[in-house]
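Hi,

Here is the structure I promised to pass on. Have a look at it first, and then read on for what turned up in it.

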Amino acid sequence: MYRLVSACHPILVLFILLLSGTQYVTAQQKKTISGYIKDGGSGEALIGATVAVRELEGTGTVTNTYGYYSLTIPEGNYQITFSFIGYQSKQIDVSLKSNERIDEELLSQDVQLREVVVTSERLDDPINDVAMSRENLKIEQIKSMPALFGEVDIIKSLQLLPGIQSAGEGTTGFFVRGGSADQNLILLDEATVYNAAHFLGFFSVFNPDAIKNLEIYKGGIPAQFGGRLASILDIQMKEGNNKRFSMSGGIGTISSRLTLEGPIIPEKSSFIISARRTYADVFLKLSPDENINNNILYFYDLNAKANFEINKNNSIFLSGYFGRDVFNFDDTFGLNWGNSTGTFRWNHLFSDRLFLNTTALYSSFDYGFTIDNGVSSFDWKSNLKEQSIKFDFTYFANPENQLDFGSNTIYHQFAPAQITPGDNSIFETVALDKKFAIEQAFYASNDHKINNRLSLQYGLRYSLFSNVGSGRVFTYEEGQPRTDETLIDTLVYRSLEKIKLYHGLEPRFGARYILSPSSSLKASYNRMRQYLQIASNSTAGLPIDRWVPADAYIQPLIGDQVALGYFRNFRENTFETSVEVYYKWMENLIDFKPNAEILLNNNIETEVLEGRGFAYGAEFLVKKNIGKTTGWVSYTLAKTQRKIEGINDGEPYNARYDRTHDISVVASHTLNKRLTLSANWVYSTGSAVSFPVGKYNIDGKTVPYYDDSRRNQNRMPHYHRLDLSANLEGRNKANRRWQGSWNFSIYNAYARKNAFSISFEEVINGDPNFDEENDGPVTERKLSAVKLYLFSLIPSITYNFKF
C-alpha cells in the first residue's frame, strides 16, 4: 500500500524559517502594512500591482496571484504609492506605529495615452523583476490582434512570443524551447487542462471573455510549479464584478459568446458565467443536400465562477470549465471530446505576513468515436481524470525576503481505450488496462533581495510518483529486447499496491543584477521532472493522443535548463528590449520504433526506445508598450535534437519540431478614439521531416521507401503569413450603458498557400488522374510530391458589445 506523505511536514516549516535568514527580534522592531489591491470598477484583484515607499528607496513589493501584499518596514511616517500599469496611481500618507491593514482600489485609464508613464516604482518590470523567461500578455491586447475566423485565441497569441513556436498551420499546439507539446503544463485556475484544442486544434478552449490573467514560464520556473519539462502556462479566470451587473459578448463569423457577471452580495460576493458556441451545424441544416444537412459540427465552452468574502481574513472561490466538441458525419461516423475542470479555493490569512491558499482540484478529459457501418460498427471510449489537493503558503518575512512553501498531492486515473462492438459487428470487445498513479510534491523557495543591485530567487522541489494498482505488469526475458516474443510472465497488483516509485529533487535558482537604472543582467537554472507523457506519432496534438504514466519500464523525463539574459529599457521605459540565451538537456526521452503500433497496444513498452535530447538557442525581443503605436518584434534562433539508440543509427537527429528561425512582428496603431488598426506577420523555418530516399514496386504499384537511418533530415517549406484587423468602436456616449464595436479581420492577407503536409503519390504517364483501365498503356510510373494546404485568404467580421 502506498503511504501518503504528510502534507505539512514540520521539518519543511523549520527549513523555511531557517532559509529566510531573518531574526525574530528584528521583525518585532518593525511594523507591517498589508491588504488587497483591486480594480475600482469591478472589484477584481490586481495581480502584480506595485506598493512602493517613497522615503525608502528601492523598498516595495508586488501583489501575489490573489491581489494580496504585505510589507514590513520600520516605524515612521511614509508616503505609500499603489500603482498598476493601465491604472491611475494612488498615494496615501501613513503614520506607521502599529501593523495596519490597507486595502486599496485603483481606477483604470487608457493605457495607450501618452500621459501614462511607467516609473521606476514599477517593481515587476523586466529590469527589476528577478524572473526571466516569463511572458505575460494582457487580455485587451490579445483581443486587438487579428485572428483566424475572428476567434480571439490566447494560445495563438502566445505563439507570437520568442521561444514559443506553433505546432502548425492554424493549430493551438505549441512548442517551447525544444520541448514537445506534451511538455507544457496548462493550468486554468490551477486545474490541469489536458487537451486545450477545439476543432482538431484550430481553436483553443479558452474563451477570452472569461480570462483575467495569463503567464507562461519558459525557464527559471518557480519551485511551486512542476510536472512538465518545457513550460508552465498559468491562466486565471475572472472573478466577476462585485459592484454592478454587466453583460458582454460577441457575434462572429462562426461562433457567438455571452458573459454575465455581477454581485451576489455587493462588495463581498460575485459571480461570472461565460458561454461560447459555434453554429456551423445550423448553416449545414440549410443545405438541400442530405449528405451535408445530416452532419453535425460544433463546439461549446462554459466558464463559471463565484466567490465570497467571509471576513477580512477568509475568502472562498469556486470555479469550473466545461467544454466539448461534437462531429457527426452522415450518421456513420461520430467523434466527440471534452474537458471538465473544477476548482475550490480557500484563501486564509493567519496574520498580516502569513498567507495560505488551499485548493481542491478536479480535471477530466475524455474522447470517444462511433462507427456505424454494418458489420464494422463499434464504439470507442477513453478518458483520464485527476483529483488533487494543494497547500500554498506565502510568508512575507521582511522587504528583503518573501518565502513560498507548500505541497501538492494528485491521484491520476487513466482509461486508455474501451471498444464495444455494435450489433452483428465483426469486432470483439477490447479494453486496454487502466492505470493509476499518485503524484506528490513539496517545495520551498525564497525571493531574497541582497541589496539594491543584486536579488536572488532560490528554492527546492521534491517530487514523488508512484505507479499503483490495480494493474498488470508484463515481464520479459532478461537481457533481451522487449517484444511480444520475449514476454514470459504477467504480474498482477491489487488496488493501490505500489508497482514502481520514482522520486527526486528539483533545484531552482535565479539571479538578477542591476547594471544601471535602465538595464540588468539575469541568470537562471531549473531542473524539472515529468511523470506523464503522450504516446503519439502526431506532432500537433490530437484528441485521440494517449497519455501514459511512468511505470516499471517507461522512466520519468528529466530536464535541466540554464539561461542568461540581458534586459534594457529605452526612453523612459517606452521600449523594452531583451536577449536571452539558453541550453537545455533532457534524459529518458522516448521515441517510437519504425512502424510502431501505439493506439491499441497494451504493452506499449515494446514499441518505444529511450534516449537523450538537447536544445539551445537565443531569443531577441523589442517591445513598445506606450503610445498610440504598440507591439513587438521577436526573433528566435534555435536547435533541437535527440539521440536514441536504435534510431538514426544512434546518431543525433532533428526533433520533428526543430525550427532554426522564427520571427514575429506584432503592431497595433490607434488612429483615434474609435479606430484601431492591427497587423501580425510571422515567418518560420519549415519543420524537420523525413522524405523518401527511394522507391520500390509492389504488384505494379510504385511505393515510397523511407530510410529510418536518415530520420528528419529534410524540411517542409518555409512558413510565412500576414494577418490584418481593424477595430471600430461605436459612437458610444459616456452616459449610455450599451456599448458596441466592430472587428474586421483578414487571416493570411496575401493568400500564401503554406504547406500543412507533403505526401508522395504515384503518378502515371505524368497525369495524376490517369486511369489505367481507360486511358491506355502505362509508359512511366514515378513518385510525385503533393502539397496539402488548409487556408488561403480568410476574411471575418465580429460584433462585440457590453452592457
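Two strands count as paired if DSSP finds at least two bridges between them. With that in mind, take β2 (residues 50–53) and β5 (residues 76–83): four bridges join them, and the two run antiparallel. If you want one spot to click on, go to A52, whose bridge partner in β5 is T81. One caution before going further: this is a predicted model.

That pair belongs to something wider. β3, β2, β5 and β6 form an open sheet in that order, with antiparallel pairing. Why do β3 and β6 each have one side without a neighbour in the sheet? Both stand at the edges, β3 as residues 60–62 and β6 as residues 90–96, and each has a single partner strand, so one side is left free of a neighbour in the sheet. From one strand to the next, the twist averages 20°.

Now the cavities. How many are there of 30 Å³ or more? The structure holds six of them, and I looked into the top two.

The largest cavity comes out at about 240 Å³. Its lining is made of 22 residues, and the ones nearest the centre are K38, E239, N307, S315 and F317. Four strands each supply at least two residues of that lining: β1 (30–39), β20 (269–278), β21 (296–311) and β22 (314–329). Of these, β21 gives the largest share, with four residues. As for chemistry, the lining of the largest cavity divides into nine polar, eight charged and five nonpolar residues.

The second largest cavity has a volume of about 180 Å³. It is lined by 18 residues, with K435, N467, R472, V473 and D551 closest to its centre. Which strands each supply at least two residues of this lining? They are β28 (435–449), β29 (454–468) and β30 (471–476). Here the largest share comes from β30, again with four residues. By class, the lining of the second largest cavity has seven nonpolar, six charged and five polar residues.

If you only have a few minutes, I'd start with A52 and T81 to get your bearings in the sheet, then go to K38, E239, N307, S315 and F317 around the centre of the largest cavity, and finish with K435, N467, R472, V473 and D551 for the second largest.

Shout if anything is unclear.

Cheers

Key. Residues are numbered from 1 along each chain as its sequence is written. This is a predicted model: local features need pLDDT of at least 70, side-chain atom pairs count only at pLDDT 80 or more; totals for chains, interfaces and linings use all residues. Side-chain values use heavy atoms; hydrogens and water are left out. Axes are lines fitted to C-alpha atoms, for helices over the stretch in contact, and angles run from 0 to 180 degrees between N-to-C directions. On a 1 Å grid over the protein atoms alone, a cavity is a set of points where a 1.4 Å probe fits but cannot get out, and a pocket is an open set with protein on both sides within 12 Å along at least five of seven lines; lining residues have an atom within 4 Å of a point. Grid points are joined across faces, edges and corners, and a volume is the space filled by probe spheres set on the points. Ala, Val, Leu, Ile, Met, Phe, Trp, Tyr, Cys and Pro count as nonpolar, Asp, Glu, Lys and Arg as charged, and the others, Gly among them, as polar.
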